[in-house]
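Student: Hey, can you walk me through this one? I'd like to get a feel for how the pieces fit together.

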Amino acid sequence: FKLMANKVHCAHILVEKLSLAQEIKAKIANGESFANLAKQHSIDSSKKRGGDLGFFGRGMMVQEFEKAAFVLEKGQVSDIVKTQFGYHIIKRLD
């Protein structure tokens with residue numbers, strides 16, 4: 001039962017360098033807090049909220065980001081996603 005199949009609630013960490021994204025991804029895999037890493041490293045305004053982007057629907061994010069976000073299960077973290085903004089690591093929250 002999916003309450004909001006057309007919307008997902010995600011957080012992300014956005015960085016400019018692939019090497020940093022890989023480093024952060026490894027830290028998450030080792031159990032470090034996604035939110036804390038977002039606050040430390042993310043280059044967009046969501047960092048204040050631990051990367052929380054809130055709920056968003058289809059068509060609201062760039063295609064590569066959206067494609068990755070909508071296939072995640074709750075609590076799952078994406079692979080590194082490259083967009084025109086940089087390198088994202090996305091976590092599904094809902």
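Tutor: Sure, we'll go through the sheet and then the helices, and keep in mind that this is a predicted model.

Student: Okay, in what order do the strands of the sheet come?

Tutor: The order is β2-β1-β4-β3, in an open sheet of four strands with antiparallel pairing.

Student: And which strands stand at the edges?
Tutor: That's β2 (52-57) and β3 (81-83). Each has a single partner strand, so one side of each is left without a neighbour in the sheet.

Student: How much are neighbouring strands turned against each other?
Tutor: By 45 degrees on average, if you ignore direction.

Student: Let's look at β4. How many bridges join β1 to β4?
Tutor: Six, and the two strands run antiparallel. One spot to look at is valine 15, which stands opposite tyrosine 87 in β4.

Student: What about β3 and β4, how many bridges there?
Tutor: Three, again in the antiparallel sense, with β4 covering residues 86-92. Valine 81 has histidine 88 as its bridge partner, while lysine 82 has tyrosine 87. A hairpin through two residues links β3 to β4.

Student: So tyrosine 87 turns up twice?
Tutor: Right: valine 15 stands opposite tyrosine 87, and lysine 82 is bridged to tyrosine 87 too.

Student: Is β4 mostly buried or exposed?
Tutor: Six of its seven residues are buried, so β4 is largely enclosed by the rest of the structure.

Student: Switching to helices, where does α1 lie?
Tutor: Helix α1 (residues 18-29) lies across β1 (7-15) and β4, at about 20 degrees to β4.

Student: And which strands does α2 touch?
Tutor: Helix α2 (residues 34-41) packs on the sheet and touches β1 and β4, with its direction at about 45 degrees to that of β1.

Notes. Residues numbered from 1 in each chain as written. Predicted model: local features only at pLDDT ≥ 70, side-chain atom pairs only at ≥ 80, totals over all residues. Heavy atoms only, no water. Pairing = 2+ DSSP bridges. Axes fitted to C-alpha atoms, helices over the stretch in contact; angles between N-to-C directions. Contact = heavy atoms within 4.5 Å. Buried < 20%, exposed > 50% of the residue type's maximum accessible area, 1.4 Å probe, protein only.
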